[in-house]
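Thank you for sharing this model; my comments follow as numbered points, and I suggest keeping the structure open beside them while you read.

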Amino acid sequence: MELFSDLDAAAFLLEVGVLMQPPYLVAGLGLAIGVLCGLTFARLVRDKLEAWKQDRLALLPLGSGVTTLPYIGVVIGVTLFIGGSLQVFGFSSGVALLVSFILSVATAGALWVQLERLMAQVENGTFSAVDFDNFDQFF
C-alpha cells in the first residue's frame, strides 16, 4: 500500500490522459478519410464515364452533390493528413492546419478544373492521348 502513497488520483489521470504529441492520430485519420473518399470519388467518375460510353449521358456538369461530397471529403482528409504530418515536425497546430488547408484547397481546385477540361474533351470527342515525353504541350 505504501508503494503508491505519493500519487494522488488527479496526478495519475493527468499522466494517463495526455494526448499523443505529435498527433499521429490526426495524420492517420486524415489519411483514412482521404483514401476512402478518394476511392469513392474515383468510382463515381468511372461510373459516369461508363454511363457516357453506354448511353451517351452527359458528363458535365461534374459538380453535382453526389460527386462533390466525396471530393470535399478528400480535401478534408488531405488537410488533416498534411496538418498532422507538419505537427510531427514541430509546427504548431494552427499554422500546420492553415498551411495544409491552403495547399489542399489550391491543389483540389486545380485538379477539379483539369478534370472538367478532360471530361469536356471526352464529351466533345477531342480527347487525345497525353504524350509525357513532350512537355511543350503543358506550358
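1. This is a predicted model, and a first point concerns how its contacts are spread along the sequence. When contacts in the protein chain between residues at least 6 apart in sequence are taken together, 68% of them join residues at least 24 apart.

2. As to the overall make-up, the protein chain holds four helices and zero strands, so that, read from the N terminus on, the order of its elements is α-α-α-α. Of the 139 residues in the protein chain, 22% are buried. The accessible surface amounts to about 10,200 Å², and 70% of that surface belongs to carbon and sulfur atoms.

3. The largest nonpolar core deserves a careful look, since it brings together 11 residues, namely F41, V45, W52, L59, L62, Y71, V75, A108, W112, M119 and V122. Two or more residues of this core come from each of α2, α3 and α4, and the largest share, four residues, is given by α4.

4. W52, one of the residues of that core, is placed in helix α2. Is W52 buried or exposed? With a relative accessible area of 14%, W52 falls under the 20% cut-off and therefore counts as buried. Apart from residues up to four places away in sequence, W52 touches L57, L59, V122 and E123. The contact with V122 shows what a long step along the chain can look like in space, for W52 and V122 are 70 residues apart in sequence, while their C-alpha atoms are 9.5 Å apart.

5. T67 belongs to helix α3, and its surroundings can be read from its contacts. Which residues does T67 contact, once its neighbours within four places in sequence are left aside? They are F41, L44, L62 and W112, and among them F41, L62 and W112 are also members of the largest nonpolar core. The relative accessibility of T67 is 4%, which is why T67 counts as buried.

6. G84 is likewise found in helix α3, and because its relative accessible area is 0%, G84 is classed as buried. Not counting residues up to four places away in sequence, G84 touches P23, V26 and A27. A further pairing worth finding in the display is that of G84 with G28, since these two are 56 residues apart in sequence and, C-alpha to C-alpha, 8.2 Å apart in space.

7. The second largest pocket contains about 190 Å³ of space, and its lining is formed by G38, F41, Y71, V74, V75, V78, S104, T107, A108, L111, W112 and L115. Which helices supply at least two residues each to this lining? They are α2 (24-55), α3 (65-88) and α4 (93-124), with α4 giving the most, six residues. By residue type, the lining divides into nine nonpolar, three polar and no charged residues.

8. A last point links the pocket with the core, because it is easy to treat the two as separate subjects. V75 appears in the lining of the second largest pocket and also in the largest nonpolar core. When residues up to four places away in sequence are not counted, V75 touches S104, V105 and A108; of these, S104 and A108 are also found in the pocket lining, and A108 is a member of the core as well.

Terms used
Residues are numbered from 1 along each chain as its sequence is written. This is a predicted model: local features need pLDDT of at least 70, side-chain atom pairs count only at pLDDT 80 or more; totals for chains, interfaces and linings use all residues. Side-chain values use heavy atoms; hydrogens and water are left out. On a 1 Å grid over the protein atoms alone, a cavity is a set of points where a 1.4 Å probe fits but cannot get out, and a pocket is an open set with protein on both sides within 12 Å along at least five of seven lines; lining residues have an atom within 4 Å of a point. Grid points are joined across faces, edges and corners, and a volume is the space filled by probe spheres set on the points. Ala, Val, Leu, Ile, Met, Phe, Trp, Tyr, Cys and Pro count as nonpolar, Asp, Glu, Lys and Arg as charged, and the others, Gly among them, as polar. Buried means under 20% relative accessible area, exposed over 50%, partly exposed in between (1.4 Å probe, protein chains only). Contact means heavy atoms within 4.5 Å. Accessible areas come from the Shrake-Rupley method with a 1.4 Å probe; for residues, only the protein chains shown count as cover. A nonpolar core is a set of buried Ala, Val, Leu, Ile, Met, Phe, Trp, Tyr and Cys residues joined through side-chain atoms within 4.5 Å.
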